[in-house]
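User: I'm new to this one and would like a close look at a single part, followed by a walk through whatever helps me place it. Please keep it relaxed, but be specific about residues.

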Amino acid sequence: MSDLLDAHATANAVSGSEVVYLVAGLKYSTSVWQEQWPKVMRNVINACKHHGARLVFFDNVYSYGRVDGLMTEDTPFNPISKKGEVRAKIATMLLDEMRNGNLQAMIVRAADFYGPNAANSFPYTTVFERLKAGKVPQWIGNLNAIHTFTYTPDAGHASAVLGRSPEAYGQTWHLPTTKEPLTGADFARLACELAKQPYKLQVAPRWLLRIMGIFMPVLHENEEMMYQFEYDYRFDSSKIESVFGLQATPYRQGISESLRSGTQSRA
């Protein structure tokens with residue numbers, strides 16, 4: 001482990017590496033992101049430049065903002081949240097270094113994710129763990145809005161392939177993600193079917209989430225990101241599929257694996 005807010009410690013961590021994967025996560029807090037993410041990115045960029053290492057930055061889609069249609073690698077930055085502004089800022093920092101020829105790097109992006117034991121993912125606590133405990137799954141936002149999820153094993157494998165491929169550098173890549181247009185209701189219904197439980201679903205109205213956010217900081221921090229669950233959220237990975245032949249895991253298989261993973265929960 002290394003403190004990425006410490007330039008010296010970051011440089012020491014990068015020393016001896018040919019490829020560096022920046023996959024760090026920070027506390028889900030706007031103020032923390034605004035203060036710390038630019039420092040982390042600058043320290044990692046400088047360390048990679050100093051040691052001649054290539055950089056793979058694992059990013060999310062917050063910088064795109066609300067997109068009417070498919071999110072692709074060519075989607076312009078148009079953040080509509082403070083967290084999105086931070087992600088756009090640090091991605092632009094890296095893109096500038098890449099364009100100026102100062103660093104061999106790439107940006108890889110995933111949609112919201114799910115997968116076996118992916119405890120920080122939305123479906124883990126609201127769907128999979130509840131079904132394994134015999135409880136009714138939960139959702140937020142518009143049940144009829146399409147919401148794309150990237151399967152974590154696909155994201156990990158594809159990131160490794162890209163990092164080992166010299167021709168991938170200097171670009172942005174969307175990681176393999178199924179094109180199946182499942183809505184929130186569809187996702188939960190399929191999960192219930194695979195868990196061999198009747199389809200039922202609890203949905204928290206937005207007004208209730210706002211009230212709960214007063215007492216639960218995580219919900220409060222998620223308020224500005226609710227547009228992702230209220231409108232279609234469609235992530236396209238055609239580029240990596242075409243160039244590298246990598247294919248996404250279908251939802252039926254991914255959800256089944258996610259339900260089978262981990263220790264059986266108790267109600």
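Analyst:
**Starting from a serine in a helix**

Ser242 belongs to helix α10, which covers residues 238-244. Keep in mind that this is a predicted model. Ser242 counts as exposed because its relative accessibility is 63%, and the bar for exposed is over 50%. Now look along the chain to Arg260: it is 18 residues from Ser242 in sequence, and the two C-alpha atoms are 31 Å apart in space.

**Following the chain to α11 and α6**

Helix α11 takes in residues 251-260, and its partner here is α6, which runs over residues 184-194. The axes of α6 and α11 come within 10 Å and cross at roughly 60°. That angle falls outside the 65 to 115 degree range for roughly perpendicular and isn't under 35 either, so α6 and α11 are oblique to each other. The crossing of α6 past α11 is right-handed. On the α6 side, the contact is made by Phe187, Leu190, Ala191, Glu193 and Leu194, and on the α11 side by Tyr251, Arg252, Ile255, Ser256 and Leu259. Sorted by class, the contact of α6 with α11 has seven nonpolar residues, one polar and two charged.

While we're on α6, it holds a salt bridge too: the side chains of Arg189 and Asp186 meet at 3.3 Å, N to O. The two residues are three apart in α6, about one turn of the helix. An α-helix has 3.6 residues a turn, so residues three or four places apart point the same way. Arg189 is partly exposed, at 38% relative accessible area, and Asp186 is partly exposed as well, at 29%. Past this helix, in the loop between α6 and β9 (202-204), you'll find Lys196. Its phi is near 60°, a positive value in a residue other than glycine. With 76% relative accessibility, Lys196 counts as exposed.

**A well-covered helix: α4**

For a contrast, try α4 (residues 122-132). Is it mostly covered or mostly open? It's mostly covered, with 10 of its 11 residues buried. Among them are Phe122, Tyr124, Val127, Phe128 and Leu131, and charged ones such as Glu129, Arg130 and Lys132 are on the buried list too. Lys132 and Glu129 form a salt bridge, with their closest N and O atoms 2.8 Å apart. Because these residues are three apart in α4, about one helical turn separates them. Both Lys132 and Glu129 are buried.

Each side of this helix has a positive phi to spot. In the loop between β5 (112-114) and α4 sits Asn117, whose phi is about 60° although it is not a glycine. Asn117 counts as partly exposed because its relative accessibility is 47%. Just after α4, Gly134 takes a positive phi of about 75°.

**A buried salt bridge between strands**

A search of the whole structure turns up 12 salt bridges. One of them joins Arg109 and Asp59, with the closest N and O atoms 3.1 Å apart. This pair links distant parts of the chain: Arg109 is in strand β4 (residues 105-109) and Asp59 in strand β2 (residues 54-59), 50 residues apart. How covered is Arg109? It is buried, with a relative accessible area of 2%, and Asp59 is buried with a value of 2%.

**One more helix pair: α2 and α3**

Finally, head to α2 (residues 30-51) and α3 (residues 82-99), which pack at about 10° with their axes 9 Å apart. Angles under 35 degrees count as roughly parallel, and α2 and α3 are therefore roughly parallel to each other. Here, too, the crossing is right-handed as α2 passes α3. The α2 residues in contact include Trp33, Trp37, Met41 and Ile45, while those of α3 include Val86, Ile90, Met93 and Leu94. By class, the contact of α2 with α3 has nine nonpolar, two polar and seven charged residues. Some of the charged residues are linked up: Arg42, Lys49 and Glu97 are joined in a network of salt bridges.

Methods
Residues numbered from 1 in each chain as written. Predicted model: local features only at pLDDT ≥ 70, side-chain atom pairs only at ≥ 80, totals over all residues. Heavy atoms only, no water. Axes fitted to C-alpha atoms, helices over the stretch in contact; angles between N-to-C directions. Helix = DSSP H or I, 4+ residues; strand = E, 2+ residues; numbered from the N terminus. Parallel < 35°, antiparallel > 145°, perpendicular 65-115°, else oblique. Left-handed = near helix turned anticlockwise from the far one by under 90°. Contact = heavy atoms within 4.5 Å. Nonpolar A, V, L, I, M, F, W, Y, C, P; charged D, E, K, R; others polar. Salt bridge = Lys/Arg side-chain N within 4 Å of Asp/Glu carboxyl O. Buried < 20%, exposed > 50% of the residue type's maximum accessible area, 1.4 Å probe, protein only.
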